[in-house]
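Q: Please take a close look at one part of this predicted model. The part I have in mind is where the two chains meet, and I would like the surroundings described as well.

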Amino acid sequence: MKLYLSFFFLAFSYNSFTQPNCNYFLNEGDTLKYEACLQTENAKGHYQFSKEYQIAMDKAIKIDPTFAYPYRAKSVAYLKSGDFIEWKRLIDLAVKYDPLGNLGYRASCRYQFFRDYGGTIIDIEELLRISNADIGHSANGNYHLQVVRALCYKALGRKQKAIDLIETQLQAEGYVIGIYDYIHLGVLYLENGDLSNAKLNFKKQQDYNDLAENHFYMSKVFKAENNLKKAKIELQKAVELYEIGYVMSDPYVHPVDKIFWSMIKVEQKSLN
Amino acid sequence: MNKILMSFLCLSIGMFSCNEIKDIEKEPYLRWVGDIQFDEEIDNPDFKLCYTDNNVRQYFNFSKGVQYKGEKPAIDKYFLENYKPTESKQIGFLRIRFIVNCKGETGRFRLKGMGQDYQPMAFDKSITDQILSLSKKMDGWLPIEMEEMNNTPWDYYQYLIFKIDRGNIIEIMP
């Protein structure tokens, strides 16, 4: 069930980030933004990729070129279609006119769609600098931005820094665990040769949101401990979960640490 | 005058680079962002859609991720084994977008390159030619279908993004 909920949230979050309440601008006395905001409502019911949607947002921008929302709304279709240049031009304008509201979003998209590790870190650290509150989650809702930051440091070879960031985030007051947090942390420990902490995190993931990846990497831990019997049992569990679709998933990209059939086959061969 | 200059530039850089520049140019809105219209100058006329241009979907409409025989590792392996690193100082991203029809055939390839600063960049021909040619030869794309639509296979847009570092492919997305 948790898995289905995460799919739903993921699919939903990209398509409908919060439409601003236009009356807010009216109450603030910003009639220009109020008019622009009303114009964006004409995009309702149109697909984000469609010309009708794009034109409605263009008209809002024409009314108030400093209104961040329509830039971000327009940018989504370019992001999903792989047009990084137009996406970046638009999202940069959204960040310019509302950095607090858009820096975290830009950061997580840079990570998720383009694996732009350095750029993502710069954005998140800038957000940390200007924000007095929790910096929030990735665009798809799967990760806290500190975890995204950690995964970028991992990709740049700084694994201990990545571990420290995730461990710190897990201990933050009121933190709601991300659906893949323990898998990523477990894999980081595994790669660092800390088998005991790797095992601990895979057990936590099993209790929270059990996925094929979790057992696949647990199998690797047992293999490293030379316990081939348990390694085979864990790998078999990975196969069973893989077959029913309990895997790390993202309709747009391949999540880091996701496993594939070919990886399972290689492991099976190594255990026989 | 501008058109003459652009034509000269395209001709001098070569067909594929021209393709890249063409894609960077601002287009009036089509049906959907990223739609690729047939261009008789660069597109293979033998590639046919199963339906009409208005029925081409997006890769993510099916929520199944990339549909390729052998999954993502097969894509990585294919380019790792067949792409030959070249002498180049360029660092950036190269995107190739195309259509997969309902039979798993591909066509209407379009390139777009950018530097690390997300600004347009024309990659060396030794890189673009290889990636374009290899992408056209990929034969593992699978038609995708939606349960909600009687599992009918549809035509869809797919893209690959290559992270290029001095003539080497260092990462492929999605």
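How many salt bridges are there between chain A and chain B?

A: Between chain A and chain B the count is two salt bridges. One of them joins A:R115 to B:E171, with the closest N and O atoms 3.9 Å apart. The rule used here accepts a side-chain nitrogen of Lys or Arg within 4 Å of a carboxyl oxygen of Asp or Glu, and the A:R115 to B:E171 pair is listed with a distance of 3.9 Å. In general, side chains of opposite charge can pair when their charged atoms come close.

Polar contacts between chain A and chain B come to 13 residue pairs, both residues being at pLDDT 80 or more. On the side of chain A that touches chain B, at least two residues each come from α4 (51–63), α5 (68–80), α6 (84–97), α7 (99–114) and α15 (261–271) of chain A. By class, that side of chain A has 18 nonpolar, six polar and 11 charged residues.

As for extent, 35 residues of chain A are in contact with 32 residues of chain B. The size of an interface is often given as the accessible area lost when the parts come together. For chain A and chain B the buried area is about 2,900 Å², and 62% of it is on carbon and sulfur atoms.

B:E171 also appears in the description of the second largest pocket, where it is among the residues closest to the centre, along with B:K72, B:D76, B:I170 and B:I172. This pocket holds about 660 Å³ of space and is lined by 28 residues. Elements of both chains give two or more residues to its lining: α9 (145–155) of chain A, and α3 (71–82) and β7 (168–173) of chain B. The largest share, six residues, is from β7(B). The lining of the second largest pocket consists of 19 nonpolar, two polar and seven charged residues.

Just after β7 of chain B comes a backbone feature. B:P174 is in the segment after that strand, and the peptide bond from B:M173 to B:P174 is cis, with omega near 5°. Most residues other than glycine have a negative phi, and most peptide bonds are trans. In chain A, A:D257 has a positive phi, near 75°, and is not a glycine. A:D257 is placed in the loop between α14 (228–243) and α15 of chain A, and α15 is one of the elements on the side of chain A that touches chain B.

Two of the chain A helices named so far have further roles. Helix α9, which helps line the second largest pocket, holds A:R149, and A:E125 lies in helix α8 (residues 117–130) of chain A, so their pairing ties together parts 24 residues apart in sequence. The closest N and O atoms of the A:R149 to A:E125 salt bridge are 3.0 Å apart. Over all chains the count is 28 salt bridges. Helix α7(A) gives the most residues, three, to the lining of the largest cavity.

The structure has one cavity of 30 Å³ or more, and the largest cavity holds about 110 Å³ of space. Its lining has 16 residues, and A:Y111, A:Q112, A:N140, A:Y143 and A:D250 are the closest to its centre. The lining of the largest cavity divides into eight nonpolar, six polar and two charged residues.

How values were computed. Residues numbered from 1 in each chain as written. Chains lettered and ligands numbered in written order. Predicted model: local features only at pLDDT ≥ 70, side-chain atom pairs only at ≥ 80, totals over all residues. Heavy atoms only, no water. 1 Å grid on protein atoms, 1.4 Å probe; cavity = no way out; pocket = protein on both sides within 12 Å on 5 of 7 lines; lining within 4 Å. Points joined across faces, edges and corners; volume = space filled by probe spheres on them. Helix = DSSP H or I, 4+ residues; strand = E, 2+ residues; numbered from the N terminus. Nonpolar A, V, L, I, M, F, W, Y, C, P; charged D, E, K, R; others polar. Contact = heavy atoms within 4.5 Å. Buried area = accessible area lost by both parts, 1.4 Å probe. Polar contact = N/O pair within 3.5 Å; in protein donor to acceptor, adjacent residues only side chain to side chain.
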